[in-house]
Amino acid sequence: MLLEEFDPTKKAVIDPEKTVDKIKDFPPITISVFSKTLFEEVLSLLEHKEIAYNTSCNGINPIYEITYKDHKFSFYKSYVGAPMCVGDYEEVHQMGSEALILLGNCGVLDQSIEDCGIIIPTSALREEGTSYHYAPASDTIQVNKKYVPEFKQICKESGYPYIEGRCWTTDAFYRETRDKVNRRKAQGALCVEMECAAMQAMCDFRGIDFFQYFYAGDNLDHSDWDPRSLSGHAKLDEKVKIVFLAFELALKIAENR
């Protein structure tokens, strides 16, 4: 299969340094979310200024320097789907980012996981294409190789329960059939999303520190699909608090550097 033709060569025909310049004093620890509503709400609560942007035929995606407890971090909105999510962060890394904390919604495959409950992935099933360009072919990839103890401690101190386990990274949310959901559950997946396996593979390939967690959204473990808090405006205050766990982790990373 074509996706088994992994090429470990670091240099490609088009590399990020050919399209993006380094930015002086770019905050090296980056936080990113997917929801536009959530992103704008966090910006409204914290001091920020635009320092850069990613651009494509889809338009301009601003990147901000954001201040949290007197520390400066970079903050931007990721696009849904592995190719764009990976491509955008390749460019943010070229600008000066050295570590990424990424968080977003996921669908749950276990209905006992509460709406907006926190999930820390430990491995990902690779049912997307992007990760195969950054790592040899395999069914799974280990994720969150750093910062799990620190994040667990933050959750405990903040009163947030969490669950750990495998996620399922897919490219096609309209092809999550009932049989496929059941097979992925049998393989140990707790949830389904679209970026984790690819982001971990890319960060491993580039030598970037990476941590990702999810807040539970729609429920696929039911006779009929239940969207629960999938809408960006649903439980927004609760989701903002979950984002601030990322900023607390960023503080710990900064203090240990």
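**Warm-up.** Is Asp221 buried or exposed? This is a predicted model, so take the values below as computed ones. Asp221 has a relative accessibility of 15%. The cut-off for buried is under 20%, so Asp221 counts as buried.

**Exercise 1. Find the partner of Asp221 and work out which parts of the chain the pair joins.**

Step 1: look for a side-chain nitrogen close to the carboxylate. Lys185 and Asp221 meet in a salt bridge, at 2.8 Å from N to O. The cut-off is 4 Å, so the pair passes.

Step 2: place both ends. Lys185 sits in helix H4 (residues 178-186), while Asp221 is in the loop between strand S10 (209-219) and helix H6 (236-255). They are 36 residues apart in sequence, so the salt bridge ties those parts together.

Step 3: check the other end for accessibility. Lys185 comes out at 31%, which means partly exposed, whereas Asp221 is buried.

**Exercise 2. Describe the salt bridge between Lys36 and Glu40, from distance to surroundings.**

Step 1: get the distance. The closest N and O atoms of Lys36 and Glu40 are 2.8 Å apart.

Step 2: find the element. Both residues belong to helix H1 (residues 36-45), and their spacing of 4 residues is about one turn of the helix.

Step 3: sort them by accessibility. Lys36 is at 51% and the exposed class starts over 50%, so Lys36 counts as exposed. Glu40, at 41%, is partly exposed.

**Exercise 3. Set the ends of the Lys72 and Glu65 salt bridge side by side, then look at the wider tally.**

Step 1: Lys72 and Glu65 are paired at 3.8 Å, N to O. With a limit of 4 Å, that still counts as a salt bridge.

Step 2: Glu65 is buried at 12% relative accessibility. Lys72 is partly exposed, at 46%.

Step 3: zoom out. The model has 15 salt bridges in total. Some residues join into a network of salt bridges: Glu98, Lys146, Asp209 and Arg257.

**Exercise 4. Classify the ring pair Tyr134 and Phe205.**

Step 1: start from the tally, which is 12 aromatic pairs.

Step 2: take the geometry of this pair. The ring centres of Tyr134 and Phe205 are 5.6 Å apart and the planes make an angle of 80°. Edge-to-face needs over 60 degrees, so this pair is edge-to-face.

Step 3: locate the rings. Tyr134 is in the loop between strand S6 (118-127) and strand S7 (140-142), and Phe205 is in helix H5 (residues 196-206). The pair links distant parts of the chain, 71 residues apart.

Step 4: check burial. Tyr134 is buried at 15%, and Phe205 is buried at 12%.

Step 5: see what else sits at Phe205. Lys10 lies over the face of the Phe205 ring, 3.8 Å from its centre.

**Exercise 5. Do the same for Phe244 and Phe247, then find the cluster they belong to.**

Step 1: the centres of Phe244 and Phe247 are 5.9 Å apart, with planes at 50°. Stacked is under 30 degrees and edge-to-face is over 60, so 50° makes this pair tilted.

Step 2: both rings lie in helix H6, 3 residues apart, or about one turn of the helix. Phe247 is buried, at 0% relative accessibility.

Step 3: Phe244 and Phe247 are part of one aromatic cluster, whose members include Phe39, Tyr64, Tyr68, Phe73 and Phe75.

Conventions: Residues are numbered from 1 along each chain as its sequence is written. This is a predicted model: local features need pLDDT of at least 70, side-chain atom pairs count only at pLDDT 80 or more; totals for chains, interfaces and linings use all residues. Side-chain values use heavy atoms; hydrogens and water are left out. A salt bridge is a side-chain nitrogen of Lys or Arg within 4 Å of a carboxyl oxygen of Asp or Glu. Helices (H or I, at least four residues) and strands (E, at least two) are DSSP runs, numbered from the N terminus. Buried means under 20% relative accessible area, exposed over 50%, partly exposed in between (1.4 Å probe, protein chains only). Rings of Phe, Tyr and Trp (its six-membered ring) pair if their centres lie within 6.5 Å; planes under 30 degrees apart count as stacked, over 60 as edge-to-face and the rest as tilted. A charge sits over a ring if NZ of Lys or CZ of Arg is within 6 Å of the ring centre and within 35 degrees of the ring normal.
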